[in-house]
Amino acid sequence: MFVNQIKRVPPIAVPIILAVIVVFLPQLGLSLPNQRQVLLIGFLTLLVSGLNLSLGYAGELALGQPAIYATGAYVAGYMGVHGETDIFLQILAAIGAALFVGLLTGIPGLRLGNWSLAMTSFFLVLLIPDIVQIFQNQTGGAIGLAGIMPPTAFGTQLTNYGYYLVCVLSVIVWLAFMRNLVTSRHGIALRVLRQSPVLASSLGISVFRTKVTAYALGAVPAGVAGALFANLDHYIAPTEFDFALAVTILAASILGGATSVYGAIIGAVIMQLGPLESTSFQNDALIFYGLLLIVGGVLLANGLTGIATNAWSRWVLKRGPVSRSVHISPDFQFPPMSGASLEVHSISKSFGGNKALRDVSMTAERGKVTALIGPNGSGKTTLLNMICGFYKTDAGSITIDGHQIDGRRPSEIARQGLARTFQMPMIPAGITVSDVVLSGRYTPERLSIGSAVLRLPKYWRVHRHDRERIDDILEIVGLTDLKDEEAVKLSLGTRRLLEIARALVSEPRVILLDESASGLDEDEVARLALLISRIRDAGGSVILVEHNFRLVLSLADTIHVLAQGEIIASGAPAEIEINPRVLKEYLGVKEKDIEEAAAIIEADTTGQQR
Amino acid sequence: MSDTAANLGMEPIVDPPAPLLEVKNLATGYGDIRAVWDVSLSVHAGKLTAVLGRNGAGKTTTLRAIAGLNKVSAGSINYQGKDISGLQPHRRVTNGIAFVQDGKRVFHRLTVQDNLFLGGYTLGIGRRKMPKEVARIFEIFPVLGERAKVVAGQMSGGQQQMLAIGQALMAKPALLMLDEPSGGLAPSIVGEVMETVATLKTAGIGVLLVEQQVEAAIDVADHVVVLDIGRVILDSPASEIVDLDVLKEAYFGSATLEGEEPGPGGDAS
Amino acid sequence: MTLIWSALTIGAVYALVATGYNIVFTASGAFNFAHASLMMLGVFIAYWGLNVAKLPVIVVFLIAGGIVFIVGALEERVAIRPVRNPEALLVTTVGVATLIDGATQRIWGPSPLEVPFFGSNQVVTIFGGRVLPDELWILGFTIVVVGVLMLLSRRTMVGLAMLAIAENREAAQLRGINVRRIAWGAFAFSGLLAGLAGPIIGPQTFASATLASSIALYGFVALAIGGFGSLPGGLIGGFVVGLAQEYAARYWGSTYSDIAVFALLLIVLLLKPNGLFGRINERAV
């Protein structure tokens, strides 16, 4: 019975209660030294949280937090030494400086792989003592910055409790912002980016802007922590910002769970209090951290919070394995779609000496299903990638309703109304079916990060639209029962349908399906065919890149056959299936049997219902 | 393509009674996805068993399980009379199983020669002694001999496919598995490839051939197995298959088209 | 010229780190952040062997090589093989580095310790520059190591196998290559080299756990300049970094040498991400 009551408590209650308790701890008699520990935990929480944002969510190994922490601390410290003691001003200045440094150090990550970003950001930590030394007039050099005047707020000097309150509230506010951010569509965008930049581009998410945002946002809490830290002892020692700190932050992130908002607190608590347990532990701290990182890297995919939430959902909420089914309601009203036509004009493309495409032209008319088929090496995938913007044309152009799209970036093309699915479904781990569909909502309706973080009215409006559209689309595709399940764990056929749902929700003008039928069994293919025909009937334009011949014959209005980089046949299914060149070039029928084969097929066609 | 048998260093063997490879009630898949539910087939030395079926039927998955790349959840794989389900992939190669994957997966950054050297890795001879072994392969595929120092990635699809088969032959396999060797090749080249495959039989190699090109496969097969959704739906000697009926079945069932190209398109399951 | 000798010497140390990275990276696709810590462990063992236990030099070489060989092998089994994704690899290798640094600090304390050179300490003059015999040993050792490895990678099947693994692990397995054993072997071998280097580089670097992280990062710069997976590249990259460091220190002061190397890193990564001789695109990892 107690368990039943627990179930009804919303998860957000736990952090709120914790926050209230922490705020009042000094009033409840917590000693000054212990208050200091709480503050240190708070600072570490901020640092870890910033890392969680860039590492856990965006997947970027940006590990330069100590450098940003130092920046914030020295900026605030400098202000404090020179008379500007308003703590809020110091925090603002620190944030500004942190953003600058965060962006600067994130730049390599925009162009490079993860190792390079990790090493570059680690290197920054090495530079801290040098930069402090160079600016020693401002920073006090190796002996540290002393003489930071006590902080004030609104003109009056802060008491100990006042300072404590500012620190604790800063952590609370940041965690609230972070929670708002990651539960919004931007959190999904970060996860999409982490999964694959290709996927992000195809959803209209600009990889560059999202990465830059991740670096910037990840830097903010570190800057805030720095400003607060400067006022803790009214003194800053450069030795505080060393490599060991970088390792501590990483360890805390892993321990608490890099994708958990509140895991940062848990990680920070353990890291901060751990060394206190025994004096000899101080010497062994590094050994402990090292072991923790090894074990954590191997085992704890989601950290302690991951284990906790798994246990919670399994034992308390009693969530069992998925056994729900997918069924498309036959009479659900499909909203009308405004399909556009996509024209490929005389496209050619070579890679090195290899001519992949030779003067290829084809049109996918609006409101029709156009199939593009061809064997291995025919250039099918190359053409598909060119339409989506991943390759540039050597000659020719590609247009949607006459507007040129070739030469533009994939995310721009996606925003022009081209939606696609992938042969191996690209679905980020750890998010639900609804969230996957949500990631498709980037193109139709935009939402600024500010609105999401501050939960402004616009956020709620867009959120409502999102919910409505997602529910509609899930209903259409038949996945309503599965909307809260973890998407990656579903079967291949279901994930394919989910990708189509994601494509549909973006209100596309052209949908490009990349071998959606491959790997599906008969029932799944039938379901897929039904969905595609309903999209067509509602006015949508569908391009089907396929090799399931039967599916193509039954669904397509026009078929274009690609072989060895050229279109060898275009026309209605009935023409294509008896086209001798098609039969020969890639159904592999020998010359002598072609006539016979064509005759059989024709005879069989007239006798069969399609 | 003359004297293949001699070049392969093997003597034609009279058909032994026991199968070289015997797969019984195999169930396997990738991670969570179960693609093969119950597949049984066998290959005899010097004979070719063709595995046909629509896309997603489980053909590649079956081959991968025999090669050791996929875990076996049920059933057995017996090679030369012994159960090899627990053997790691590289050990299976040492035992004489060679797998030519679909999609011409040679080492594109290395030369033809280096690729072939790697094919002979299990021969246990040093790099210096390799050219002699490689010469056999050049006899079978003169085209490769002319391009010994060419980087594999710069050759045409057909040449890469020959290189892939040559690589496998370097290891002097007893069982050769081929996954859609005709993939994306011009029909004339397909003919050449299939002829080579047929001659391998005379050298005593057992061949397991997965193909989309139904006709070409049946022409060289001694035995035909058709899969659908992870199970066997047809299992018969090739001679008992009447051409036209199988053709019909193929067009409205198995005559699907392969699509396997590099780029964000990924690969087929 | 004396400046050049010391630049080349320190550059050789970085080249050794880069070589350790290269061997392991080519064979297993993993970047072993802990390699510099392995080298530092070798230095500590050299300190103990030469300064504390006063053992004969040969014995010290053997012990250092042997112990770090084992540690390298252990690292592969415990921290690399069970790991699924690349981000986690960074975490575990940083973990190993931290563990080793923590252990050495625990055993020998945090202050840098002097490692005596087993040969003469008489300064010699070559090409007009003063150089210590130990420095020549470091240079010689590094060049020999890189040379031998280049020979091995080109002349042996194992070397070819490593290239294959780097390109397509599964295809390599299907050719009969025991991918796991080669990855393990690469780690163990890199440990051996790191241990053997201990008595040689020790006198110059001193035994200092805190130095490991900066050597690890400088070694990465050498790797980036030379190109991931290129042995000669790592050698040249090391020398470039050494020269940059020493010249920056000479003309601008030691405070600027880190900054100069960092600038060099950024320039290389942004302009020539594959380095001078890069075979393997780091992005693919």
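This report describes how the chains of a predicted model meet, what forms its main nonpolar core, and how three strands of chain A pair.

**Contacts between chains**

Chain C touches both of the other chains treated here, and the table sets out the residues on each side, together with a contact inside chain B.

| Contact | One side | Other side |
|---|---|---|
| Chain A with chain C | 35 residues from chain A | 38 residues from chain C |
| Chain B with chain C | 22 residues from chain B | 17 residues from chain C |
| Domain 1 with domain 2 of chain B | 10 residues from domain 1 | eight residues from domain 2 |

In the contact of chain A with chain C, four helices of chain A each give two or more residues: H5 (87–111), H6 (114–134), H12 (243–256) and H14 (279–298). Of these, H6(A) provides the largest share, 13 residues. By residue type, this side of chain A consists of 22 nonpolar, 10 polar and three charged residues.

The contact of chain B with chain C draws two or more residues from each of H3 and helix H4 (112–119) of chain B. Here the side of chain B comprises 11 nonpolar, seven polar and four charged residues.

**Domains within chain B**

The domain assignment divides chain B into domain 1 (19–96 + 174–257) and domain 2 (111–172). Where domain 1 touches domain 2, helix H3 (89–94) and helix H8 (187–202) of chain B each supply at least two residues of the domain 1 side. H8(B) gives the most, with three residues. The domain 1 side has seven nonpolar, three polar and no charged residues.

**The nonpolar core**

The largest nonpolar core contains 375 residues, and those with the most contacts inside it include Leu250(A), Met177(B) and Val17(C). Helix H1 (residues 2–28) of chain C contributes the largest share of this core, 16 residues. Which residues does Leu250(A) contact, leaving aside its neighbours within four places in sequence? They are Leu51(A), Leu63(A) and Leu293(A) in chain A, and Val91(C) and Val94(C) in chain C.

**Paired strands in chain A**

Strand S3 (residues 342–351) and strand S6 (residues 395–400) of chain A run antiparallel and are joined by five bridges. One bridge links Val344(A) to Ile398(A) in S6(A). S6(A) also pairs in the antiparallel sense with strand S7 (residues 403–404) of chain A, over two bridges. In this second pairing, Ile400(A) has His403(A) as its bridge partner. The hairpin of S6(A) and S7(A) has two residues between the strands, and Asp401(A) takes a positive phi near 50° there.

How values were computed
Residues are numbered from 1 along each chain as its sequence is written. Chains are lettered from A and ligands numbered from 1 in the order in which they are written. This is a predicted model: local features need pLDDT of at least 70, side-chain atom pairs count only at pLDDT 80 or more; totals for chains, interfaces and linings use all residues. Two residues are in contact if their C-beta atoms, placed from the backbone, lie within 7 Å. Ala, Val, Leu, Ile, Met, Phe, Trp, Tyr, Cys and Pro count as nonpolar, Asp, Glu, Lys and Arg as charged, and the others, Gly among them, as polar. Domain bounds come from an automatic or database domain assignment. A nonpolar core is a set of buried Ala, Val, Leu, Ile, Met, Phe, Trp, Tyr and Cys residues joined through C-beta atoms within 7 Å. A residue is buried if 20 or more other C-beta atoms lie within 10 Å of its own, exposed if 12 or fewer, and partly exposed in between; C-beta atoms are placed from the backbone. Two strands pair if DSSP finds at least two bridges between them.
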